[in-house]
Amino acid sequence: GQIVDLSTYYGDDMPLADRAKYHLLVIGRPSQMSIINELNASLPAPFISDSDNPIESNYQVTYQISPDSPMGYVETMHSPWNPNNVVLAVLGNTSQGLSWAALSLVDPNLRSRLGGDFAIVNDRQIITTNTNLGSAAIGGALSTQIPAVVLPAQDASTETPSTRPLWILPVLLILVGLIVA
């Protein structure tokens, strides 16, 4: 059988039948893709019409971000065409912002800081939120987790599992030496 069935499409050339058939990875600038207009009602942070800046009304804290500053956005949600599929939107308000958003998915140090369903990426700084917390608390339709796409949030000061403090090895050697002596 087929293990992986990948298809690629430019912007708005994706047939409606394939939108329901696949998990989607949407990459680009929101103002340049009409599929974002179709997804807008379902996005955790929808975009202002013909704009590359999201409406961040679901945040518990309001962040004052200049609209002309380069920003990347990573959003996850259930597909409006098939609730069993997931849409991962990697977006930016500039080409630099789009690059930052894409980098946050491939750089292990940045990826470990992604969480929730909406992330703002500014170079190496990531601000995340879960806009479904309100609906999950009252048992809303999106209270189930999105499988295999939502990554656990980590505090920026928390070390990644692949690194360990440098002091552990010398302390361990000293302790073994003291035990032997």
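Which side chain meets that of Arg29 in a salt bridge? Keep that question in mind while you orient yourself in this predicted model, and begin by colouring the protein chain by its six helices and five strands, which run from the N terminus as α-β-α-β-β-α-α-β-β-α-α. Of the 181 residues in the chain, 35% are buried.

**The salt bridges**

Now select Arg29 together with Asp52, whose side chains meet in a salt bridge with an N to O distance of 2.7 Å. Arg29 sits in the loop between E1 and H2, while Asp52 sits in the loop between H2 and strand E2 (72-78), so the pair ties together parts that are 23 residues apart in sequence. Asp52 counts as buried because its relative accessibility is 9%, under the 20% limit, whereas Arg29, with a relative accessible area of 25%, is partly exposed.

A search of the whole structure finds three salt bridges, and another is seen by selecting Glu38 and Arg19, with the closest N and O atoms 2.3 Å apart. This pair links distant parts of the chain, since Glu38 belongs to helix H2 (residues 34-39) and Arg19 to helix H1 (residues 16-21), 19 residues apart. Here Arg19 is buried, at a relative accessible area of 6%, and Glu38 is partly exposed, at 39% relative accessibility.

Move next to Arg124 and Asp107, whose side chains meet in a salt bridge at 3.1 Å, N to O. Arg124 is in the loop between strand E4 (118-122) and strand E5 (125-129), and Asp107 is in the loop between helix H3 (95-106) and helix H4 (108-111), 17 residues apart. Arg124 is partly exposed, with 39% relative accessibility, while Asp107 is buried, with a relative accessible area of 13%.

**The largest pocket**

For the next stop, select Ser7, Thr8, Tyr9, Leu24 and Leu25, which lie nearest the centre of the largest pocket among the 17 residues that line it. The volume of this pocket is about 510 Å³. Add strand E1 (residues 24-28) to the selection, as this strand gives the most to the lining, with four residues. Colouring the lining by class would show twelve nonpolar, four polar and one charged residues.

**A nonpolar surface patch**

Finish by showing the surface of Trp167, Ile168, Val171, Ile174, Leu175 and Leu178, which together make a nonpolar patch of about 610 Å². Val171 can serve as a landmark in this patch; this residue lies in helix H6 (residues 168-180) and is partly exposed, with a relative accessible area of 37%.

Conventions: Residues are numbered from 1 along each chain as its sequence is written. This is a predicted model: local features need pLDDT of at least 70, side-chain atom pairs count only at pLDDT 80 or more; totals for chains, interfaces and linings use all residues. Side-chain values use heavy atoms; hydrogens and water are left out. On a 1 Å grid over the protein atoms alone, a cavity is a set of points where a 1.4 Å probe fits but cannot get out, and a pocket is an open set with protein on both sides within 12 Å along at least five of seven lines; lining residues have an atom within 4 Å of a point. Grid points are joined across faces, edges and corners, and a volume is the space filled by probe spheres set on the points. Helices (H or I, at least four residues) and strands (E, at least two) are DSSP runs, numbered from the N terminus. Ala, Val, Leu, Ile, Met, Phe, Trp, Tyr, Cys and Pro count as nonpolar, Asp, Glu, Lys and Arg as charged, and the others, Gly among them, as polar. Patches are made of residues with over 30% relative accessible area and no salt bridge: like charges are joined within 9 Å, nonpolar side chains (Val, Leu, Ile, Met, Phe, Trp, Tyr) within 5 Å. Accessible areas come from the Shrake-Rupley method with a 1.4 Å probe; for residues, only the protein chains shown count as cover. A salt bridge is a side-chain nitrogen of Lys or Arg within 4 Å of a carboxyl oxygen of Asp or Glu. Buried means under 20% relative accessible area, exposed over 50%, partly exposed in between (1.4 Å probe, protein chains only).
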